[in-house]
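Q: I'm new to reading protein models. Could you pick one single part, take a close look at it, and then show me how the rest fits around that view?

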Number of protein chains: 2
Amino acid sequence: MNNFTYYTPTKVVFGRDTDKQVGQLVKEQNCKKVLIHYGGQSAKRSGLLDRIKASLEAEHIDYVELGGVVPNPRLSLVYEGIELCKKESVDFILAVGGGSVIDSSKAIGYGMTNEGDVWDFYDKKRQATACLPIGAVLTIAAAGSEMSDSSVITKEEGWIKRGYGSNYCRCKFAVMNPELTMTLPDYQTASGCTDIMMHTMERYFDQSRTMELTDGIAEALMKTVMKNAVILRDDPKNYDARAEIMWAGSLSHNGLTGCGSEGGDWSTHRLEHELGGLFDVAHGAGLAAVWGSWARYVWKDRPDRFVKFAVNVMGVEPNGTDAEIVEKGICAVEDFYRSIHMPTSIKELGIDVTDEQIAELARKCSIAAKDNLGKVKVLHEADMAAIYTMAR
Amino acid sequence: MNNFTYYTPTKVVFGRDTDKQVGQLVKEQNCKKVLIHYGGQSAKRSGLLDRIKASLEAEHIDYVELGGVVPNPRLSLVYEGIELCKKESVDFILAVGGGSVIDSSKAIGYGMTNEGDVWDFYDKKRQATACLPIGAVLTIAAAGSEMSDSSVITKEEGWIKRGYGSNYCRCKFAVMNPELTMTLPDYQTASGCTDIMMHTMERYFDQSRTMELTDGIAEALMKTVMKNAVILRDDPKNYDARAEIMWAGSLSHNGLTGCGSEGGDWSTHRLEHELGGLFDVAHGAGLAAVWGSWARYVWKDRPDRFVKFAVNVMGVEPNGTDAEIVEKGICAVEDFYRSIHMPTSIKELGIDVTDEQIAELARKCSIAAKDNLGKVKVLHEADMAAIYTMAR
C-alpha cells in the first residue's frame, strides 16, 4: 500500500433546484466580478443561464459572459477568456456546463494568475503557482472536472490535446442538479457514463495492490454506473439514475477511487487523447473504442487485477484459467459498452483510420508520454501502434 | 433520494512517516503560534511529541503545550485551553491524539473565536460563527473527528455529554500514519473499529432509500472494517490492516456514507452518550453494548433496510421471513463484536445498571433529544428505557 494525499476541498451542493443557490455560493467567495463561462445554446435555451444571472443579480454580483466552449476545449478561447477577464477585472469564474467548460475555466484561471503563456503548463514546461477561484454548475455528468485537479485543453495548431493538474484549480463549489442533465442527447449521456467508468478503471488497474477499501469503493462505483447507464438508455428522465451517475462522476475522479494506489494506469486516456485531438471524437466514446484492445494487450502483466475485476465488477464466475476469466471480463465490458451504443473499435467511431494515421497517433502519444506510458505494462511507441491497430 | 451538501476540505496526508511533514503543513497555514494539544503519556513516551516539536522548530514555528485530554474529553480542560491560548496568543491548534483530543481542540477553537461560554454551543443554545484553524496528527482510528464536523464534550457537573457540529471546525489537515496506532491496547483498537462500524451503520439505517452508490460504498466500508478488525485482533502490528481501519475511520464519518440520505438515525450514539456520560465507558464498547437491543426494538419500522444490511454486509442467505433474516443479521453483528472482545450488553461493560439508573439514562437522553430521537423509529423516553432494559 502506498502513501497518499487526499484533498477534495470542493463544496458539493447536490440535488433538485440547487442551481438557485449559485448567487449565494458566489457571494460566500467574496468576489467582485464573475465570468460566466459556458458552451453552446442549450444553457441559454433551457433558461439555466437566465436563472443563474437572476441568482447573481439578487446578490448584487456583477458579471460578464463568454460562451462558445466546444468539446475538446480550444486554447484560442482560453486566450480570449484571459483577455476578457483582465479587461473586466474578473476575480471569479463560474463554469456553467460539463468538463469542457470547467477545464476551459481552469485554464483561464491559470492564465489570470500566472505570467507568460498558459499553454506552458499543459506542455509541461513549468508549474502554475495559483489559479483564479472557480465554481461550477454542472450540466453533464462525465469528466469529473468539478472535483478533480485536472484540466485538458486542445491547441488547434497541430491539434495537440494535453492535460495539466494542480490543486490550485479545484473548484470552490460545485452545484449538481441531476435534472440539468436530463436533456442531454443519449449518445452524450452514454459517452459520459463511459468516461466515469474509465476514471475508476484507470485507477483500478494499478501496479500496486491499492487498498481493500479503495477497491471496494471502486467496485461499488463501477457497478452503480453500469446499472444506471442502462436505466438511462431506456428512461433518460429517471431522476434517481441521473443522480447516481452524476455523483459517481465526481467521486470517480476526485481521487477517492485511487487512495493507496501507485497512481493508476492512464494509458487508455492518453491513447484516446490523441484520437480526440486528431479526429475530435466524444471523449467517452473514444475511451470505449480503445479500452478492450489495451486490456488484451497488457493483462498478462497483472492477471490478478484483471481476474479480480472480472469477478467482482463484471460478475464473471471464477472458474477456468486466468486467460478465460480475463477475456470474459473484457468481453463483458465491451458488451456493456455496446448495450449503451458505445463503440468498441475506432471503426465504430466512424473513422477508417489509415496506417499513416496510426503511426502519427502513436508518435504523438509517445512524444507526449516521453515514450513511457502506463503502469500495468509500460508502453512504447511500437506498443501504442499495436494497440491502435488492434482497436481499428 | 434527498438533496445533500458534501464538504470535506481536510487535506489528508496518509501513510508511513507522514508525521514528519507536520511542521511544513502547519507553515502552509501561515500561523504564528501553535497549541500542541494531547492526551496522556503515550505520545511523549513514543517520541511522537518530540518528533512533532522538532518538525515545528525546523520551520521556526513557536508553540505551547497542553496535555491531559481523557476519553470523553472534559469541559474543564477546554476552559483551561481557551485561557492558555488567549494568554499565549495561539492562532493554530495541533491536535495530537484520537477523537477526544481533536474534539477538545475543536471546543477550544470555538472558545477562542466566539464570545461567551463555549458550552452554549453543545447545549444547543446558540450557533458558533467561527473556529480557530485546527490540524490533527491522528494516533487512534475511531472517532473520525479528523474529517468530521462534529465534536463531543463532557461537562463534569452532572456528567452531561453533548455533541456540536459545524463546518467551521473541520480540520485544515489530518496527518494519518497507521504505524502510530500500532501500540494501542487491543481493547481500544476493537472499540475504535466498533465506532467506525457504527458511524456508517447509523447512516445506513435511514428512513429514506439513500443512494445506491452511497449504499455500495457503505457496504464496502463495513465489510472492510470487520475483516481487518479480526486481522488486528490476531496481528496488531499488521500495517495494511491498520491502514484500512484508519482510512475507513475517516471516510465513515466525513459524510460520504450518508450522501442522499435523510441524515441517518443516530439513536445508538445518543443512547451511548448517556452511558458514557454516567459511567465513563469506552465509546465504541458502549455502542456495541446497545446496538443489538436498538436494532431488535426498531427493525420492524424499516425491514427492507435491515434485510439489505443482513444480506449485503453480514452475508446472511436471503432465505426465510424478514424477521428471520434480520435476526440472523443482528446476531452476526453481535458475533462479530464478541469475536473482537466487545460487549453486547451493558453487563458485559462491567456495569450492573439499576432500574433507577436506567430511568436516569432515559430521562437524560430524552431531555437531550427533546423526547424525539431517531428516524427509523422515533423514540420517546419510555422507548429509550425499554432499549436500555433490553441491553442491560
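A: Let's start with a word you'll need right away: a helix is a DSSP run of H or I with at least four residues, a strand is a run of E with at least two, and both are numbered from the N terminus. Now for our part: B:H199, which sits in helix α7 (residues 186-204) of chain B.

Some ground rules before we zoom in. Residues are numbered from 1 along each chain as its sequence is written, while chains are lettered from A and ligands numbered from 1 in the order in which they are written. The model is predicted, so local features need a pLDDT of at least 70, side-chain atom pairs count only at pLDDT 80 or more, and totals for chains, interfaces and linings use all residues, while side-chain values use heavy atoms, with hydrogens and water left out.

Back to B:H199. With a relative accessibility of 3%, B:H199 counts as buried (buried is under 20% relative accessible area, exposed is over 50%, partly exposed is in between, using a 1.4 Å probe and protein chains only). Who does B:H199 touch, if we skip residues up to four places away in sequence? The list is B:A142, B:A143, B:S252, B:H253, B:T257, B:W266 and B:H269, where a contact means heavy atoms within 4.5 Å.

Let's stay in chain B a little longer. Strand β6 (residues 150-155) and strand β7 (residues 160-165) of chain B run antiparallel and are joined by six bridges; two strands pair if DSSP finds at least two bridges between them. In that pairing, B:T154 stands opposite B:K161 of β7(B). The two strands make a hairpin with four residues between them, and B:G158 in the turn has a positive phi of about 90°.

Why is a positive phi worth a glance? Most residues other than glycine have a negative phi. B:K370 isn't a glycine, yet its phi is positive, near 50°. You'll find B:K370 in the loop between α14 (355-368) and α15 (381-391) of chain B. B:K370 is exposed, with a relative accessible area of 67%. Chain A offers another case: A:N30, also not a glycine, has a positive phi of about 55°. A:N30 lies in the loop between α1 (22-27) and β2 of chain A, and its relative accessibility of 70% makes it count as exposed.

Follow that loop into β2 (residues 33-38) of chain A and the picture changes. Six of its six residues are buried, so this strand is largely enclosed by the rest of the structure. A:K33, A:L35 and A:H37 point one way, A:V34, A:I36 and A:Y38 point the other way, and all are buried. As for partners, β2(A) pairs in the parallel sense with β3 (residues 62-66) of chain A over five bridges, where A:K33 has A:D62 as its bridge partner. β2(A) also pairs in the parallel sense with β4 (residues 92-97) of chain A, again over five bridges, with A:Y38 opposite A:V96.

Step back to the whole of chain A. Its secondary structure comes to 15 helices and eight strands. The radius of gyration is 20 Å, close to the 21 Å that the globule rule gives for 392 residues, so chain A is as compact as a globular protein of that length (the radius is taken over C-alpha atoms, and the rule is 2.2 Å times the number of residues to the power 0.38). Buried residues make up 61% of the 392 residues.

How do the chains meet? A:T224 gives you a glimpse: this residue lies in helix α8 (residues 212-234) of chain A, and is buried at 6% relative accessible area. Beyond its neighbours within four places in sequence, A:T224 is in contact with A:E244, and across in chain B with B:E212 and B:L213. A rotation of 180° with 0.0 Å of shift along its axis superposes chain B on chain A, with an RMSD of 0.0 Å (a least-squares fit on the C-alpha atoms of residues with pLDDT of at least 70 in both copies). That is the relation of a two-fold axis. In chain B, the C-alpha nearest that axis belongs to B:P9, 1.9 Å from it. The copies meet through the same surface, because 100% of the interface residues of chain B are also interface residues in chain A.

Last, confidence. The mean pLDDT of chain A is 96, and 100% of its residues reach 70 or more; pLDDT is the predictor's confidence in each residue, from 0 to 100. For the complex, the predictor gives an ipTM of 0.95 and a pTM of 0.96.
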